[in-house]
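The following exchange takes a series of structural descriptions and asks what each one rests on. Please consult the sequence and the structure while reading.

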Amino acid sequence: MINGGTTLHGEVEISGAKNAAVAIIPAALMVDGVCVIENMPQISDTEMLLTILKELGAKIRYLNRSTVEIDCTDVWMQDAPYDLMRKIRASYYLIGAMLGRFGHAKTTMPGGCNFGVRPIDQHIKGMNALGADIDIKSGFIYADSRDGKLHGARIYLDKVSVGATMNIILAATLAQGRTIIENAAREPHIVDLANFLNSMGADIRGAGTDTVKVNGVDRLHGGSYALIPDQIEAGTYMVAAAATGGEVLIKNVIPRHLECISAKLRETGTIVQEYGDAVLVKGASALRKINVKTLPYPGFPTDMQPPMCALLCVANGTSVVTEGVYDNRFKYVNELRKMGAEIQVDGRVAVVEGGKRLSGAPVMACDLRAGAAMVIAGMCAAGTTVVEDVRFIERGYENFVGKLNSLGADIRIVDEPEERRGREKIVSIV
Ligand code: EPU
């Protein structure tokens, strides 16, 4: 429940990157030894993946709030727990990791946010090229290497895909010979996955460019690694500060990863100042319209599209938002309309008539980033907004309510998500 009309002021610390963590936790499955991962975000997606590893036989313990030790030495090949697997998108990384370690895998079709059809054909193409047969039957994915081992190959991705790039990197790490991934995605979390694997003995080059080369190695050894900060969490606080006309220092970030967001915010009249590992965002007294198109990195991130749309509702003028990654990522617009927003959607284009005074309303968090957009709109609106289904937000934002309240927001959890109520904390801090 958000009481609107607040302006955000102060400092906020960004957590580790979700989309790096959800690939690096499965990657730990391939490590022969103990991995210590620092800057692990406390969100339900990472908690679910850690639970999956635990059920596969991994030993997991938290050394402090954000440092987790994973020991997969005793993991044996068995079916992964399906009820958890189908809830998250990133469960598909277990295909690459299990193929790498055991030569076969059985998982469910991935879950995750619903933005229309989200095929995994490029993952399958990659695994096939590495020498694995993939069979999809009754909602399950069966992956089997043809001769018990994967073999390096040259793979051209028909579509720039974060998931396919990371999954192929995982599978190729312990394959025999060299894999070359062309038209690879270049997101910061891809570099983070490669850096993690390299620090454990892998030989991966070119991550962060559109050609990634993986020379297979026989084994990975244990070690320590710190995850990069979350680009999208940082971007969400930047947009929240700008939309509410506040001034927020966002700490523990890599400003270079935020340039695509900073550039568009500056066009709205927002001041963004970069420091070594922080950005200061000062909202303008009157925000200006902008046109924005989402693209793979280093373009404007699709995951920032809903929060930015919420901001453009209160900016002056008509903005055009084009979704360049997903077929159907504007479903949440209906919820913003309940608050008085005027937005027309035609396919992948939304036209936002800005300058509206939003008013609080009961709305749904349709998915993770749409949920963040509702909270931002709620802070800008007059009156009270109730956002339902906040479990989506908890998938990717650590302590969202606590961090926003520390900046001056007025938000309360009035009804705890059922999932959280029933959930037993799977890890104990030692
Ligand atoms: N695509 C295909 N075939 C494939 C794979 C992807 O056609 O085999 C298409 C998708 O349908 C989409 C586009 O390619 O239209 C890009 O999809 P991508 O594979 O890059 O996305 P993803 O790996 O499924 C990850 C993040 C998303 C983020 C996208 C894009 C994870 C777990 N998820 O998804 O994060 O939107 O990359 O950056 O890493 C979020 O954090 O809220 C979120 C949705």
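Q: What makes the approach of R369 to the ligand a polar contact?
A: In this predicted model, an N or O atom in the side chain of R369 is 2.7 Å from an oxygen atom of the ligand. A polar contact requires a pair of N or O atoms within 3.5 Å, and the R369 pair therefore qualifies.

Q: Which distances place D303 and Y326 in polar contact with the ligand?
A: For D303, a polar side-chain atom lies 2.6 Å from an oxygen atom of the ligand. For Y326, the corresponding separation from a ligand oxygen atom is 2.9 Å. D303 is also one of the residues that come nearest among the 25 around the ligand, together with D121, Q122, S161 and V325.

Q: Why is D410 called partly exposed?
A: Its relative accessibility is 35%. Buried would require under 20% and exposed over 50%, so D410 falls in between.

Q: Where does D410 lie, and what does D410 touch?
A: D410 belongs to the loop between α14 (400-406) and α15 (418-422). Not counting residues up to four places away in sequence, D410 touches M1, I2, N3, T6 and N405. The C-alpha atom of D410 is separated by 45 Å from that of M98, 312 residues apart along the chain.

Q: What makes β1 and β21 edge strands?
A: Each of them pairs on one side only. They belong to an open sheet of three strands in the order β1-β22-β21, with mixed pairing.

Q: How do you know that β1 pairs with β22?
A: Two bridges join β1 to β22 (residues 384-388), in the antiparallel sense. Pairing requires at least two bridges, so the criterion is met. Within this pair, I2 stands opposite T385.

Q: Why is α2 described as largely enclosed?
A: Of its twelve residues, ten are buried, so the rest of the structure largely encloses α2. Those buried include S44, D45, M48 and L53. Among the elements covering them are α1 (18-27), β4 (59-64), β5 (67-71) and α13 (391-394).

Q: How does the span of α2 compare with the expected value?
A: Helix α2 (residues 44-55) reaches 16 Å from its first C-alpha to its last, close to the 16 Å expected at 1.5 Å a residue. After α2 comes G57, with a positive phi near 115 degrees.

Q: What makes β5 largely enclosed?
A: Five of the five residues of β5 are buried, so the strand is largely enclosed by the rest of the structure. T67, E69 and D71 point one way, whereas V68 and I70 point the other way, and all are buried.

Q: How do you know that β5 pairs with β3 and β4?
A: Four bridges join β3 (residues 31-38) to β5, and five join β4 to β5. Both counts satisfy the requirement of at least two, and both pairs therefore count as paired. Each pair runs antiparallel. The bridge partner of V34 is D71, while N64 stands opposite T67. A hairpin through two residues joins β4 to β5.

Q: What marks out L53 and I70 in the largest nonpolar core?
A: Along with F196 and L197, they touch the most other members of this core of 79 residues. Leaving aside neighbours within four places in sequence, the contacts of I70 include I25, V34, L50 and L53. Another core, of 71 residues, lies apart from it and includes I261, F300, V321 and A370.

Key. Residues are numbered from 1 along each chain as its sequence is written. This is a predicted model: local features need pLDDT of at least 70, side-chain atom pairs count only at pLDDT 80 or more; totals for chains, interfaces and linings use all residues. Side-chain values use heavy atoms; hydrogens and water are left out. The expected span of a helix is 1.5 Å times one less than its number of residues. Buried means under 20% relative accessible area, exposed over 50%, partly exposed in between (1.4 Å probe, protein chains only). Contact means heavy atoms within 4.5 Å. A nonpolar core is a set of buried Ala, Val, Leu, Ile, Met, Phe, Trp, Tyr and Cys residues joined through side-chain atoms within 4.5 Å. A residue is near a molecule or strand if one of its heavy atoms lies within 4 Å of it. A polar contact is a pair of N or O atoms within 3.5 Å; within protein, one must be able to donate a hydrogen and the other to accept it, and residues adjacent in sequence count only if both atoms are side-chain atoms.
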